[in-house]
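Reader: I am new to this structure and should like to go through several of its parts in turn. Please explain each answer before naming the residue or value.

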Amino acid sequence: MIVEGNPAYEKLTGLYGSAGKWVSDIAPGLEQHWFDLYGGVALTGEPVRFENPADIFGRWYNVEALRIGAPDQHRVAILFTNITERKQIEARQAALLELTDALRNLTDPEEIAAESSAILARALNVTRAGYGVMDMEAETITIARDFNAPGMTSIAGTLRFRDFGSYIDDLAEGETVVVTDARTDPRTADTADALAGIGVASFINMPLKEQGRVVAMVFVNNVAPRLWTEADSDLLREFAARVRIAIERARAQDDLADSETRYKTLFNEMDEGFCIIEFFDGPHGPDSDYIHVEANPAYAANAGIENVVGQKLREMVGDEADAWVERYGAVLRTGVPIRFEQELVATGRWLELSAFRVEPPERKQVAVLFQDLTERKRAELALREQGEELARVNARLEVLLEGSQAERDRLWELSQDMLARADYEGGMSAVNPAWTQVLGWSEQELLTNPYADIINKEDLPATTAALEEMGRTGQPTRFENRILTNGGVWTPVGWTVAPEPDGVNFIAVGRDLTEDKAREKALATAQEALRQSQKMEAVGQLTGGIAHDFNNLLAGISGSLELLSKRLTEGRLNGMDRYIDAAQGSAQRAASLTQRLLAFSRRQTLDPKPTDVNRLINGMEELIRRSVGPDVEVEVVGAGGLWATKIDQSQLENALLNLCINGRDAMAPAGGRLTIETSNKWLDDRAARTRDLPPGQYVSLCVTDTGTGMPPEVQAQAFDPFFTTKPLGQGTGLGLSMIHGFVRQSGGQVRIYSEIGKGTTMCLYLPRYQGDVDGDEDVGMTPVAEGGHGETVLIIDDEETVRMLVAEVLGDAGYNVIEAPDGPSGLEILRSDRRIDLLVSDVGLPGGMNGRQVADAARVSRPDLKVLFITGYAENAAVGNGLLAPGMEVLTKPFVMGDLAAKVHDMIEA
């Protein structure tokens with residue numbers, strides 16, 4: 001009960017006439033902690049001093065309470081002051097400090113809005129706070145994220161202001177809207193239920209303007225009516241300003257990042273070359289040289305200079321540097337952009353360039369944008385030469401038009417070229433007699449009908465376009481078309497046409513090209529016949545070389561077998577191993593010859609694998625050094641970060657060794673330096689065309705010697721089969737043809753770069769492989785195969801001798817062998833219930849099915865069947881062109897029987 005209170009008490013609490021009344025009656029809802037504190041003082045006599053809020057009054061108090069009178073009277077004297085303003089200032093400062101700390105680490109606009117809303121809601125003790133972007137035309141607000149007290153539902157999304165009242169009109173004027181009670185405020189009374197539906201009974205909406213337009217809004221909502229103070233509005237205003245700045249800074253950073261991304265994309269993808277150069281003081285004076293500090297990928301394509309970043313002008317282009325320094329130095333000094341055309345003599349490229357200074361001037365940088373105009377310049381030169389020729393024609397026409405009447409008439413009548421005066425509308429006003437001689441039309445017919453009537457319909461658009469272009473530019477032109485004769489024959493005519501000054505008429509000179517076309521056709525026929533003759537000559541050379549080498553090899557084989565037969569008949573077994581070795585040696589050389597022939601024809605069976613060429617070279621380096629001998633210094637230059645390629649490793653090793661031995665022979669007898677070098681090559685359209693390759697990424701492997709070099713005629717024949725410059729008996733002439741065939745079959749190319757007296761470089765260009773390369777394989781001698789344990793092997797081969805030999809070898813090794821001479825009979829066995837552990841099949845088989853077809857058909861009923869293809873030709877396509885299914889492998893004929901047994905053992909045991 002309030003016993004008594006002074007006027008200040010009544011002013012600070014708003015409780016007037018309260019003496020003799022119970023607090024619970026006059027201040028219902030007063031927090032329990034006030035009763036607990038004062039009751040404790042009354043009971044214990046211990047005075048207290050504290051600061052507490054009284055929410056029903058909306059104030060903070062600094063309170064001192066002490067017991068007075070007799071203890072049993074339970075009286076407490078209360079001294080207190082209103083500290084609400086100080087508390088509000090402290091809360092505002094704390095909230096702003098928390099906001100500053102939060103914004104320091106946030107860069108996402110949504111995160112900034114969400115975190116600041118939470119801090120604002122706690123500072124003002126409201127049930128919801130948020131930030132939204134406003135569309136004043138649609139009268140909507142879009143809220144990405146808002147803060148909601150426990151039990152409240154988010155209103156994130158797009159809301160229409162008119163659904164909740166008319167206060168949008170105040171917001172549109174940039175005015176802050178303060179509603180203490182939605183049900184009594186005239187702007188929201190009619191929509192109070194809609195506001196209550198989203199948990200709003202009172203709110204403050206503070207609009208944010210940008211360049212005079214309302215663009216966003218900070219808001220606080222409360223679920224119950226609330227008397228908002230000026231301090232509340234001030235804090236909201238401070239929050240709004242800081243949040244807006246933070247959000248705009250974050251968006252600016254995002255825009256900057258997007259801009260940088262767009263710049264980088266444009267920088268890397270644009271067709272025009274672009275670079276930034278930076279001037280420095282050189283030996284020729286201040287700002288007398290510059291270095292390239294940045295360049296896009298198109299720089300090399302347009303200027304013809306690779307890896308330009310870091311290069312200095314005077315080291316790049318020598319004598320022409322002064323002209324470029326003068327151009328760009330003026331831009332640096334004056335800041336005035338320029339646009340010009342100039343030839344880059346170092347690469348023979350004509351360039352169209354524009355340059356501007358990179359600010360501030362102290363950076364000493366100039367940006368240059370350019371494109372290659374070489375083709376256009378060549379076209380302009382050709383057009384200029386054409387114009388000069390047309391000028392000469394015009395001179396002839398001037399004689400016709402300005403000379404004496406008799407001379408003009410004589411030239412007009414006697415000229416074998418068709419001369420005419422015509423207009424752009426399609427009519428002719430004069431023709432000479434040559435028209436009738438060539439085409440058969442009378443002068444009357446030609447002058448009374450449109451000339452388009454006798455022009456071939458397919459040629460008419462191009463003819464019309466040429467005349468229109470001439471009329472537009474006033475420059476003479478030349479073209480060809482087909483003209484109809486009176487006999488219904490289309491005659492090819494070449495025209496030289498010049499405009500008259502009146503802009504209405506032109507003079508045309510036409511020449512019958514029938515004989516020229518016939519000569520061109522005859523020449524093309526003769527060239528084709530020559531190419532066919534050269535092909536036949538190459539085939540003759542190839543077959544002659546094959547016959548010569550195989551006759552020698554067959555002589556060794558048949559002679560050795562003949563002597564073996566004789567000795568066996570006579571019972572003389574001593575020394576037979578000599579003849580066996582001789583026959584095997586000849587057979588191995590024959591196998592090597594057929595492999596080279598298949599490589600030349602690009603039809604050998606390859607086993608391409610992802611390969612690290614640097615690793616392959618390192619593994620061969622010692623073998624190469626031993627092969628070329630001590631007089632040759634071998635240098636290996638492996639590119640760092642070399643791309644992988646997918647290639648038959650054994651064939652590449654053979655090719656590299658062959659090139660090194662050729663280089664050694666070219667430097668004999670004095671020796672020299674042999675350089676093996678690898679690099680990554682990115683070939684654009686132009687570079688790829690010169691190498692007869694599709695554009696793309698390639699690994700180059702080059703072998704350079706310091707030998708005698710090759711003259712052009714030798715380079716032209718270097719890849720021909722059996723062509724060799726070595727003395728008779730010291731080379732087959734298949735080495736380079738084998739390398740060329742193998743590399744082309746692998747999707748690459750071989751190129752020769754040679755200079756007499758200085759040496760030769762042989763470069764292999766191999767397509768880049770994008771996958772990973774397996775680690776080093778443990779390469780060693782093939783172990784002797786262990787025997788079988790009664791497993792069953794089906795052999796399908798149309799060659800009876802091969803079947804017999806394979807069956808005998810596998811039978812001796814402990815396998816059960818079944819033989820079949822063709823695909824259908826083999827497939828019949830495979831479709832039976834007989835046990836088959838491995839199928840060994842030739843690829844090329846008679847009977848309408850090849851080996852791959854038999855294997856695929858067998859796997860329908862035997863899905864786990866293991867298959868070994870044995871082939872002596874290029875059935876790559878038949879066996880899958882390198883895309884064999886799991887459990888399938890290939891062994892190329894001829895093979896060592898021990899290798900076959902080992903392969904069979906490995907596949908069965910796998």
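Reader: Which residue in β3 does A65 stand opposite?

Author: This is a predicted model, in which local features need pLDDT of at least 70, side-chain atom pairs count only at pLDDT 80 or more, and totals for chains, interfaces and linings use all residues. Residues are numbered from 1 along each chain as its sequence is written, and side-chain values use heavy atoms, with hydrogens and water left out. Strand β2 (residues 59–68) pairs with β3 in the antiparallel sense over 8 bridges; strands (E, at least two residues) and helices (H or I, at least four) are DSSP runs numbered from the N terminus, and two strands pair if DSSP finds at least two bridges between them. Opposite A65, in β3, stands I78.

Reader: Which strands stand at the edges of the sheet, each with a single partner strand?

Author: The sheet is open and has 3 strands in the order β1-β2-β3, with antiparallel pairing. Each edge strand has a single partner, so one of its sides is left without a neighbour in the sheet. The edge strands are β1 (48–54) and β3 (75–82).

Reader: What angle does the direction of helix α4 make with that of β2?

Author: Helix α4 (residues 84–104) packs on the sheet and touches β1, β2 and β3, where contact means heavy atoms within 4.5 Å. Axes are lines fitted to C-alpha atoms, for helices over the stretch in contact, and angles run from 0 to 180 degrees between N-to-C directions. On that scale, the angle between α4 and β2 is about 130 degrees.

Reader: Why are α19 and α20 described as oblique to each other?

Author: Helix α19 (residues 613–628) and helix α20 (residues 649–667) have axes 10 Å apart and pack at an angle of about 40 degrees. Angles under 35 degrees count as roughly parallel, over 145 as roughly antiparallel, 65 to 115 as roughly perpendicular and the rest as oblique. The residues making the contact include L616 and I617 of α19 and L652 and L656 of α20. The angle of about 40 degrees therefore makes the arrangement of α19 and α20 oblique.

Reader: How many residues of strand β8 are buried?

Author: Buried means under 20% relative accessible area, exposed over 50%, and partly exposed in between (1.4 Å probe, protein chains only). Strand β8 (residues 202–210) is mostly covered. Of its 9 residues, the number buried is 7.

Reader: Which residue in the turn between β8 and β9 has a positive phi?

Author: β8 and strand β9 (residues 213–222) pair in the antiparallel sense over 9 bridges, and N205 has F219 in β9 as its bridge partner. The two strands form a hairpin with 2 residues between them. The residue in the turn with a positive phi, of about 55 degrees, is Q211.

Reader: Is T191 buried or exposed?

Author: T191 lies in the loop between β7 (177–179) and α7 (192–197). Its side chain reaches the backbone oxygen of F164 at 2.8 Å. Because its relative accessibility is 17%, T191 counts as buried.

Reader: Which residues is A466 in contact with, leaving aside its neighbours within four places in sequence?

Author: A466 is found in helix α16 (residues 460–473), and its 16% relative accessibility means that A466 counts as buried. The C-alpha atoms of A466 and T477, 11 residues apart along the chain, are separated by 7.1 Å. Beyond its sequence neighbours within four places, the contacts of A466 are T477 and F479.

Definitions and conventions. A polar contact is a pair of N or O atoms within 3.5 Å; within protein, one must be able to donate a hydrogen and the other to accept it, and residues adjacent in sequence count only if both atoms are side-chain atoms.
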